[in-house]
Structures are given as structure tokens and as C-alpha cells.
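Colleague: Before I rely on the terms used for this protein, I should like to hear the reasoning behind them. May we go through them in turn?

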Amino acid sequence: MDEVVVVRPGEFTIKRGATRAEMEKLLLKAAREAAEECGGAKFEKEPGRIYARGDTQCLKKALARVFGVKSVSPAYVMKFEGVADIAREAARLWVGLAAGRRFAVRVHRVGNHPFTSRDVAAAVGSALVAAGARVDLENPEVEFFVEVRGDRAYFYTEVVEGPGGLPLGSEGKVLALVSGGIDSPVAAWLLMRRGAHVDVLHCNLGGTVALRHTLEVIKRLLAWSYGYNARVIIGDCSPVAKALRSGVREELWNIAFKRALYRIGAEVAKTVRAAALVTGESLGQVSSQTLQALAAAEMGVGIPILRPLIGMDKDEITKLAQRIGTYEISAKTPEYCAVFSRRPKKWATREEIEEIDFALHDAVAEVASNVKVVRKWQLAEFIKTLSPPEDIEVETPPEGAVVVDLRDEESYRKWHLPGAVRADFDEVLSLVDKLGRDKTYVFYCYSGGLSLDVAESLRKLGIKAYSLRLRRGT
Ligand SMILES: Nc1ncnc2c1ncn2[C@@H]1O[C@H](COP(=O)(O)OP(=O)(O)OP(=O)(O)O)[C@@H](O)[C@H]1O
């Protein structure tokens, strides 16, 4: 008796010849990388199955995250001579588990044998009934699976669902635009699941705190990218924010930013040889995701834009994000944004798109040619190196600075620094526009994270800004 993890490949097993052989090779490559998380494994292959030997419990989880895998079962395997051997072994393994419960035996048989699946089920069933269990095929409390393949029998009780889809790398490469929010990592994951190698582009508008958050989300997403050392491409998008705020009417900012993202994406896609962009847009979710807005933003961009979430509801997307493991961090990513207008237009004319292109042309080129590329395997180390500019934190407000309290109203009412005004983080830019961009600003919040980020992003727009480190007791 030997322990093994049975891996069942998904839909690509219906393919034939070279395509199938290539897909099996890719699946095995990804499975080997996944198994490294468990100290490695020994793999064996036969038509329609892969077997992995190693740390069974760990492999069960890791291999159930490999694209192209339909399901995984930790199993015992034995060589047998006849049905009696199978029934004896089943009884030895399962009597304790079956005792006093309603059970069903499910048998799957591949190969030529002098017995049928029913014969096996009957023999195993009676061995367990003899031990005090009761057969109930309709509504069992426990299911016992026996898979007979050639001269071996596999015994298991657990079937862990894999992601399905196609092995990573079987369907070319795409570039996913990922924001750190809930939706775009899900969109990227869905393309991975269909076999595409996915590189990720993030356009950073906030400060280091927000960037770290987003990269943590991306790290979780890429934990699924077994077999491909994906690229994370980070653009500092402050030139776009600046150009947009100075050269585009506010009602068009959302469409214009989207267009800038697509344009930057199209440029970066050329360098990484991606055949399409992927975004997390879902029809009608926000005002820039109307059909007209999407059509206007992508007019003449020159690369296909794939939107796998377009017909999905938010709760479906959220459930997937939870399964992928990105939801928790995504939900907490600060969405500080310098380019969201308060009264967004839901469409744009061709002339308006031309105006946008004219205003953003140089900024798009600047961002696209200054991106930073980090590989999946270096990402964790890279995140550790990120820290905000040294002089951004101060102990006391600089002389003459406008002091802004970013906490909620109740906290502000109870206590605030003398002379401080209160603002939510998404009101900061309007406040700065109102009070003057030439003034110095200093922000404080609860923990110092948000104020750092707000100050850093304002600096990127050319505004003098600091984050105040509150002393204990204040
Ligand atoms: N800063 C960014 N960097 C890269 N891509 C982005 C960025 N912001 C938005 N995107 C892309 O544009 C899409 C639409 O963005 P928008 O903010 O309208 O949608 P969203 O539904 O909030 O998406 P998400 O939840 O992914 O942030 C995103 O799904 C993502 O693909």
C-alpha cells in the first residue's frame, strides 16, 4: 500500500495528438513548480491521470491550484490479483470510517478485467456492511471511491476540485491591466485559467503604501502562475494624472484615464509580445463602464481588449476573488485617485477622444518608456524594498502649512490639532484646488499610512505635502 495524489486533468484530454502531448507537458511543468511548495514530488503519468508522491496533504492543496487540473484526490494505491484483494484492502482502510454510517461505494474501472465495476462495488459494500455500516446510494453520509486502472486499485474518500481550464502557456500571452481593486485580478486569473501566460501592468497613481498593497494583491494572483515566471510591470502614472488635470475637462477624466491605460498597455504589450490586453470591466458597473464609454476609450487603440467579467455581477466576481485569495487585500487597497471626476460623462465623441489623445500623448509615451519590470520570483523581495521618500514624514507641521485631518468626523469632533481642517481622502484634491496648489500641506490620519500615501501622491502632482507622525497621547 502506497500513498499517492491522483491528479485528473480537465477538458484538454478530449484533444488529440501533438496538442494534447504539449498540454500534458505544460501541465506537468506547472505541477512540478506547485509541488516545490511541498518539498518536491515524484510524478508518474498515464493516459488521463498524473500521480504525485510526496507530502500528500500539502500536494493535495498545491496541485488543486494548477490550471488544467479538474480534481485531485489523496489516495492509497495497491497492486491486486482479484476483487477479493480490493475488498479486503477497502475494509482495512474504511471499516472505522464506515461503522454506523450510511455509505455509498463508487467504482470507476479502466482496462480489461474479468470483473465489472458492480462486482467491485458489491464486494467492497458487503465487507463494510459486515462491519455495521448501511448502504445508501442516494443520500450517503460518506462516499468511498475505488478506481481500478490496469492492475492497480486506488482508494480515496476525498475529491478536491481544481480550477479546471487549460494548462498555463497553451494559449499565448496577454497583458492584464491590474489596479489592486477587486475586479481586475479576477479578470487576469480567468485568462490564466484559459491557458494564457499573463503579464501584469499596474499604473501607479498613489504612493508607496498603495503600491505595496497592490503588489501584494498581484503576488497572490501570481501564486497561481505555476510554470511561468510572470512579469509585473509598474508604471509611474503621475505624468498622466498631471496632463489630464491640466489638459482635459473634468467630466472626461474617467474615460481619458481609461484610454491612457489602454494606450500605455498597447505600448507595453509590444515589448512583452502580448497579443491582447485584459481588463476587469463589467458592463454598467460604474459610469466609465457603459458600452459607449468603453467603445470611446478603446477607439483605434490597435490591440484586442479582453473583458472576461463583462457579463458578471459583482457578487459573482467577489466570490471568485475570495477563491483566488485576492479579495481580502483588494478590498482594503486604498483607492486614492487623482483622476476621478465628480460628474463623469458616460460617453465621448470622436472629437473629444481626439482632444484627449492630444492632451495625453506625451504623458502616455513617458509612462510607457519608463516602466519598471519585476519578475514573479523577485516580487516579494521587491515589495520589501519599497519605502516612501525619507523627508515626507515630519514630527511637527512645517511653518505656515495647511494641516488636514483625514480621520472621520467623530474623531475630528472629539479632538484635532489646532487649526486643522478635516477632509476625506477623496476630497483632498478639491481642497487643494480650492485653497491653492502653491501652499504646503500636512496630513495626519489614524496610523500614518493613508496620510503618507496622500502626501506622496500630491508630491507627484508637484504639490508640497507632508505626513505628520502623531506622537502618542495626542
Ligand atoms: N491603476 C491601474 N493600473 C492598471 N490597470 C488599471 C488601473 N486602474 C484601472 N485599471 C484597469 O481598468 C479597469 C477599469 O477600471 P475601473 O476603475 O473603471 O474599474 P473597477 O471595476 O474599479 O476595476 P478594479 O476593481 O479592477 O479596480 C480595471 O478593471 C483594470 O483592468
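Colleague: Which of the 19 residues around the ligand come nearest?

Modeller: This is a predicted model. In it, Leu 177, Ser 179, Ser 184, Cys 203 and Gln 285 come nearest to the ligand, out of 19 residues around it.

Colleague: What makes the approach of Ser 179 to the ligand a polar contact?

Modeller: A polar contact requires a pair of N or O atoms within 3.5 Å. An N or O atom in the side chain of Ser 179 is 2.5 Å from an oxygen atom of the ligand, so the pair meets the cut-off. The side chain of Gln 289 likewise places an N or O atom 2.9 Å from a ligand oxygen. For Ile 182 a backbone N or O atom takes part, at 3.3 Å from an oxygen atom of the ligand; this value is also within 3.5 Å, and the pair therefore counts.

Colleague: How much of the ligand's accessible area does the protein cover?

Modeller: On its own the ligand has 580 Å² of accessible area, and the protein covers 89% of that.

Colleague: Which elements supply at least two residues each to the shell around the ligand, and which gives the most?

Modeller: Helix H5 (183-193), strand E11 (197-204) and helix H8 (253-272) each supply at least two. E11 gives the most, with 3 residues. By type, the shell comprises 7 nonpolar, 9 polar and 3 charged residues.

Colleague: Why is Thr 440 called buried?

Modeller: Buried means under 20% relative accessible area. Thr 440 has 16% relative accessibility, and therefore counts as buried. This residue is found in strand E19 (residues 440-444). Leaving aside residues up to four places away in sequence, Thr 440 touches Pro 398, Ala 401, Val 402, Lys 464 and Tyr 466.

Colleague: Why, then, is Lys 464 called partly exposed?

Modeller: The class lies between the limits of 20% and 50%. Lys 464, in strand E20 (residues 464-468), has 46% relative accessibility, so it counts as partly exposed. With residues up to four places away in sequence not counted, Lys 464 touches Asp 438, Lys 439, Thr 440 and Tyr 441.

Colleague: What makes the pairing of Lys 464 with Asp 438 a polar contact?

Modeller: The side chain of Lys 464 reaches the backbone oxygen of Asp 438 at 3.4 Å. The limit is 3.5 Å, so this pair falls within it.

Colleague: How far is the C-alpha atom of Lys 464 from that of Glu 147?

Modeller: The two C-alpha atoms are separated by 69 Å, and the residues are 317 apart along the chain. The C-alpha atoms of the protein fill a box of roughly 90 × 55 × 35 Å along the principal axes.

Colleague: How do you know that the span of helix H1 is close to the expected one?

Modeller: H1 (residues 17-36) has 20 residues and reaches 29 Å from its first C-alpha to its last, against 28 Å expected at 1.5 Å a residue. Its buried residues include Met 23, Leu 26, Leu 27 and Leu 28. Among the elements covering the buried residues of H1 are strand E1 (2-9), helix H2 (56-63) and strand E4 (69-79).

Colleague: What share of the protein's residues count as buried?

Modeller: Of its 474 residues, 54% do. The secondary structure comes to 16 helices and 20 strands. Among contacts with a separation of 6 or more, 80% join residues 24 or more positions apart.

Methods:
Residues are numbered from 1 along each chain as its sequence is written. This is a predicted model: local features need pLDDT of at least 70, side-chain atom pairs count only at pLDDT 80 or more; totals for chains, interfaces and linings use all residues. Side-chain values use heavy atoms; hydrogens and water are left out. Helices (H or I, at least four residues) and strands (E, at least two) are DSSP runs, numbered from the N terminus. The expected span of a helix is 1.5 Å times one less than its number of residues. Buried means under 20% relative accessible area, exposed over 50%, partly exposed in between (1.4 Å probe, protein chains only). Contact means heavy atoms within 4.5 Å. A residue is near a molecule or strand if one of its heavy atoms lies within 4 Å of it. A polar contact is a pair of N or O atoms within 3.5 Å; within protein, one must be able to donate a hydrogen and the other to accept it, and residues adjacent in sequence count only if both atoms are side-chain atoms. Accessible areas come from the Shrake-Rupley method with a 1.4 Å probe; for residues, only the protein chains shown count as cover. Ala, Val, Leu, Ile, Met, Phe, Trp, Tyr, Cys and Pro count as nonpolar, Asp, Glu, Lys and Arg as charged, and the others, Gly among them, as polar.
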